[in-house]
Amino acid sequence: MTLRLVEFVVAGNEASDLLPVRSEALLTAHRARRGFWTVLDEGPVERCLALLLEDDDGGWTAHHVDADAGAENDRTEDGEALAHHDGWVYVFGSHFGSKGGPLRPRRAFVARFREDDAAAGRLPVHVVRNRFRLHRTINDALAGAALATVAPGERVRDRFIVATVARGAARAKGWVGRLAEGDLPLNVEAVAFTPDGTALLGLRFPVTADGEPILVEVAGVPEMFDGGAWPRALGAYALTGVTPPGALTGFRAMTPLPEGGYAAIIGSIDALGKASVLLDDHPTGGDVTSRHVRFLLEKAAGHLIPAGMVADLAPFHQVEGLAEEHGRCWYVTDEEHRVALWIG
């Protein structure tokens, strides 16, 4: 596959995920024929939303979106995944921590907004921080699933679970009781909603004992915004047939396909050369190039979901988002202080 590169500088930061703009009003406001949402790393979600826009002449520009999360301004970080559902754009935090731990409650959030609102001035963003409730729900689901997950390793457990509990207890945080000694740290990197309105959460970590990427299906995500009900897990699945022998791969991005099924990017469980505790314990999860795959969620087949390769995206290790439309593909990569969009 031949790819064309378009480079942007957006608030001096890198991009995560890629979500097509569906709002004609938003495209018209920017005189664009096509656009994608992306979310920038590390900062609060209201300061990390950006648009990548293509004009009628095929030129591309980036627009840093002015947004407001009200009382939740400056209380989130590390937005990773974007998804459409029922007229909303949802943004999921990673629910993870820094490379060396501990877990950070600021990353345990879900936000949403209306695309049309971005065409009319400052964008209102509704944020719900779940204070590790989703962590508890997913860990309980994985513990009860037929899947065997990779053992986290002593350093991972100490840095991400033990240290988080100790930090929370020292500060008398109410969320401490939602973490348990045997928990796995979660890194949510990909999200797509199903036709039934449930959400598929693609995990970068943990992976299965065979190194394969894990999906967890949860119901009740919109209800978080309508009165405080919390999501419940419906099942956990593993993608089979696309992980290189001997390697560990996690989800990096996911998108539903018009004809049914899903496309995804799988790849390394963490970045090389950044003092990752995950890679200290699981070195075969690092030097893995990104792969573009497709699959159907056939629950009747059980917890193992066969997937097929679309493209090995070597030499890229850090593909963070994808979109497919009319036989074309777009990818965004995690680059230092720039947004790199690759068009195929």
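In this predicted model, 4 strands come together as an open, antiparallel sheet, arranged in the order E2-E3-E4-E5. Strand E2 (15–20) and strand E5 (60–64) form the edges, each pairing on one side only. On average, and with direction ignored, neighbouring strands of this sheet are turned by 25 degrees against each other. Within the sheet, strand E3 (residues 34–40) and strand E4 (residues 49–54) run antiparallel and are joined by 6 bridges; threonine 38, for instance, has alanine 50 in E4 as its bridge partner.

Turning to the interior, the largest nonpolar core holds 41 residues, of which Trp37, Leu49, Trp60, Val91 and Leu123 touch the most other members. E4 supplies the largest share of this core, with 5 residues. Another core, of 27 residues, lies apart from it and includes Leu184, Leu186, Val191 and Ala199.

Aromatic rings offer a further way to explore the fold. The whole structure contains 9 aromatic pairs. In one of them, tyrosine 90 and phenylalanine 225 meet edge-to-face, with 5.8 Å centre to centre and 75 degrees between the planes. This pair links distant parts of the chain, 135 residues apart: tyrosine 90 belongs to strand E8 (residues 88–93), whereas phenylalanine 225 is in the loop between strand E14 (214–219) and strand E15 (232–240). Both tyrosine 90 and phenylalanine 225 are buried. Tyrosine 262 and phenylalanine 295 are stacked, because their ring centres are 5.5 Å apart and their planes at 25 degrees. Phe36, Trp60 and Trp330 form one aromatic cluster.

Tryptophan 88 also meets charged residues: the charged end of arginine 112 sits over its ring, 3.9 Å from the centre, and arginine 114 lies over the face of tryptophan 88 at 3.8 Å from the ring centre.

Conventions:
Residues are numbered from 1 along each chain as its sequence is written. This is a predicted model: local features need pLDDT of at least 70, side-chain atom pairs count only at pLDDT 80 or more; totals for chains, interfaces and linings use all residues. Side-chain values use heavy atoms; hydrogens and water are left out. Two strands pair if DSSP finds at least two bridges between them. Helices (H or I, at least four residues) and strands (E, at least two) are DSSP runs, numbered from the N terminus. Axes are lines fitted to C-alpha atoms, for helices over the stretch in contact, and angles run from 0 to 180 degrees between N-to-C directions. A nonpolar core is a set of buried Ala, Val, Leu, Ile, Met, Phe, Trp, Tyr and Cys residues joined through side-chain atoms within 4.5 Å. Buried means under 20% relative accessible area, exposed over 50%, partly exposed in between (1.4 Å probe, protein chains only). Rings of Phe, Tyr and Trp (its six-membered ring) pair if their centres lie within 6.5 Å; planes under 30 degrees apart count as stacked, over 60 as edge-to-face and the rest as tilted. A charge sits over a ring if NZ of Lys or CZ of Arg is within 6 Å of the ring centre and within 35 degrees of the ring normal.
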